[in-house]
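Thank you all for making time this morning. I would like to walk you through one protein model, a piece at a time, and please have the display open while I talk.

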Amino acid sequence: MNKIPTNDAEIIQKISELKEEKGALVLAHYYENLDIQHAADFCGDSFELAKRARESRKQIIVFCGVSFMAESAKIMNPEKRVFIPRADAGCQMADMVTPEIVLEMKKQHPNAAVVCYINSSAATKAVSDICVTSSNALKIISTLKEKEIIFVPDKNLGSFAAKHFPDKTFHFMQGWCPVHNDLTGEDLRRAKAEYPNAVVAIHPEAKAKILAECDYIGSTSGILDYCRMSDKNEFIIATERAIVERLSEEMPSKKFHLMSPCLTCPDMKKTTLSDLLYCLENLNNEVFMTPDKICAAKQPLERMLEAAKD
Ligand code: SF4
C-alpha cells in the first residue's frame, strides 16, 4: 500500500514525483501562498502563465490560481487538459461583470470598443472586442482607432488608463477588486508615517486618489521588476501580501512592508499543498469548455496578443 504523506516535506516530494509521472506542468499565480509557488514549475501573472502553458510541450496543466485564470489557460490551450486544484477559488471582481451587462452597455454606446480586463469570465470575454492585462492596458488601448471605450469590469484600472487618453471617452461599469479597492488614504498615511524612508509601489486596481500619492504604479510583474531594479532599500507595497513575502525572500537586503492587512485575497489563499497533491493524484476539477465558447473567448485574447506585438 502507498504511504500517505503526512508532513509538508513528504507532500512536496510526492508532488514532485507525480509531476514527473503524469507529465504535468504546475503553474502558480504570484498571489498564491509561497509554498504553492515553490512547488510550481513557473510563477507569474495570469497572462504570463497562460502563455507558459502554451509554450510547454506538456499536455496536462495544473493551474494554482482562481477560476478565470484556469479558463484563460484552457482558452489559449484548447488541446491540453487543464485542472484547477480548488474549483471554488473565484474572483469577486470577475463575478461583478456578466455578458448581459456588457451587451447593455454596447446598446447604449454602439460606437465604442469593448475593452475587457483579463480578470473576467470566458462568457464576458466572448462579447468583448479586446482583452487587456494591467501591464499592457495602455499599450493595447493606444492601438484602438475607436474614440469611445467601454472598459469592464474594473473602474479603477479603467480610470487609470483613461487619464492617458484625453482624446477618448471612457464608459465604466461599477466593478472593482475588493482587495485593492478597500485601500484608504488613512492606510497610505499610516504606512508613510511608520516607514518615512520607504518608496510606495501600488497596483492600478486601487482608487485614483491613492494612486496619485504613490511613487510607482504598475502591474504585479511591474512592481516586482521595479523593486528588483530600484536602488532604494525600503518599499511600501500596495498589492496582494504574497508579493511582499516573495520580494522579502528574493531580496533579503531590502525591506518590504505591506501597506495594509486588507491586501489579502481569500480566494488566492484557498489552494493548499494537499489540494495540489490531490489534484495531481486524481486529475480532478478539469476545466471543460465547448469549442464554440473557446473560439468566442479566444478572439479578444488573440487580438490583445497581436496588438501587444506592435
Ligand atoms: S486580488 Fe482581486 S482581482 Fe485578484 S483574484 Fe483576488 S479579488 Fe480577483
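Let me begin with E104, which in this predicted model counts as partly exposed, at a relative accessibility of 38%. Its partner in a salt bridge is K107, and the closest N and O atoms of that pair are 3.6 Å apart. K107, for its part, counts as exposed, since its relative accessibility is 64% and exposed means over 50%. If you look along the chain, you will find that both residues lie in helix 6, residues 99-108, where they are three residues apart, about one turn of the helix.

A similar arrangement can be found in helix 13, residues 220-229, where R228 and D225 are three residues apart and therefore separated by about one helical turn. Their side chains meet in a salt bridge at 2.9 Å, N to O, and both ends count as partly exposed, R228 at 32% relative accessibility and D225 at 37%. There is also a network, in which salt bridges that share partners join R86, D88 and D275.

Now, what does K147 form a salt bridge with? The partner is D167, with the closest N and O atoms 3.3 Å apart. K147 sits in the loop between helix 8 (137-142) and strand 7 (148-152), whereas D167 sits in the loop between helix 9 (155-162) and strand 8 (169-172), so this salt bridge ties together parts that are 20 residues apart in sequence. D167 is partly exposed, with a relative accessible area of 47%. Altogether, the count of salt bridges comes to 15.

Let me step back to the overall layout. The domain assignment gives domain 1 as residues 8-89 together with 271-289, domain 2 as 93-177, and domain 3 as 183-259. The centres of domain 1 and domain 2, taken over C-alpha atoms, are separated by 28 Å, and the contact between these two domains takes eight residues from domain 1 and nine residues from domain 2. Together they bury about 550 Å², with 68% of that on carbon and sulfur atoms. On the side of domain 1, the residues that lose the most area to domain 2 are F47, F68 and E71, which together make up 62% of what that side buries.

How many salt bridges cross this interface? The count between domain 1 and domain 2 is zero, while one residue pair is in polar contact there. The side of domain 1 that touches domain 2 draws at least two residues each from helix 3 (46-55) and helix 4 (67-76), and helix 4 gives the largest share, four residues. Sorted by class, that side has four nonpolar, two polar and two charged residues.

Helix 4 deserves another moment, because nine of its 10 residues are buried, so the helix is largely enclosed by the rest of the structure. Among the buried ones are F68 and E71, and also M69, A70 and I75.

F68 brings us to N119, because F68 is one of the residues that N119 touches, beyond those up to four places away in sequence; the others are M93, A94, P153 and E205. N119 is placed in the loop between strand 5 (113-117) and helix 7 (122-126). Is N119 buried or exposed? It is buried, with a relative accessible area of 12%.

Two more loop residues will finish the tour. C214, in the loop between helix 12 (208-211) and strand 10 (216-217), is buried as well, with a relative accessible area of 13%. Apart from neighbours within four places in sequence, C214 is in contact with L188, V200 and I202. The C-alpha atoms of C214 and A238 are separated by 9.4 Å, although these residues are 24 residues apart along the chain.

D182, in the loop between helix 10 (178-181) and helix 11 (185-194), is partly exposed, with a relative accessible area of 45%. Setting aside neighbours within four places in sequence, D182 is in contact with D187 and C262. D182 and F170 are 12 residues apart in sequence, and their C-alpha atoms are 23 Å apart in space.

Conventions. Residues numbered from 1 in each chain as written. Predicted model: local features only at pLDDT ≥ 70, side-chain atom pairs only at ≥ 80, totals over all residues. Heavy atoms only, no water. Domains from an automatic or database assignment. Contact = heavy atoms within 4.5 Å. Buried area = accessible area lost by both parts, 1.4 Å probe. Salt bridge = Lys/Arg side-chain N within 4 Å of Asp/Glu carboxyl O. Polar contact = N/O pair within 3.5 Å; in protein donor to acceptor, adjacent residues only side chain to side chain. Nonpolar A, V, L, I, M, F, W, Y, C, P; charged D, E, K, R; others polar. Buried < 20%, exposed > 50% of the residue type's maximum accessible area, 1.4 Å probe, protein only.
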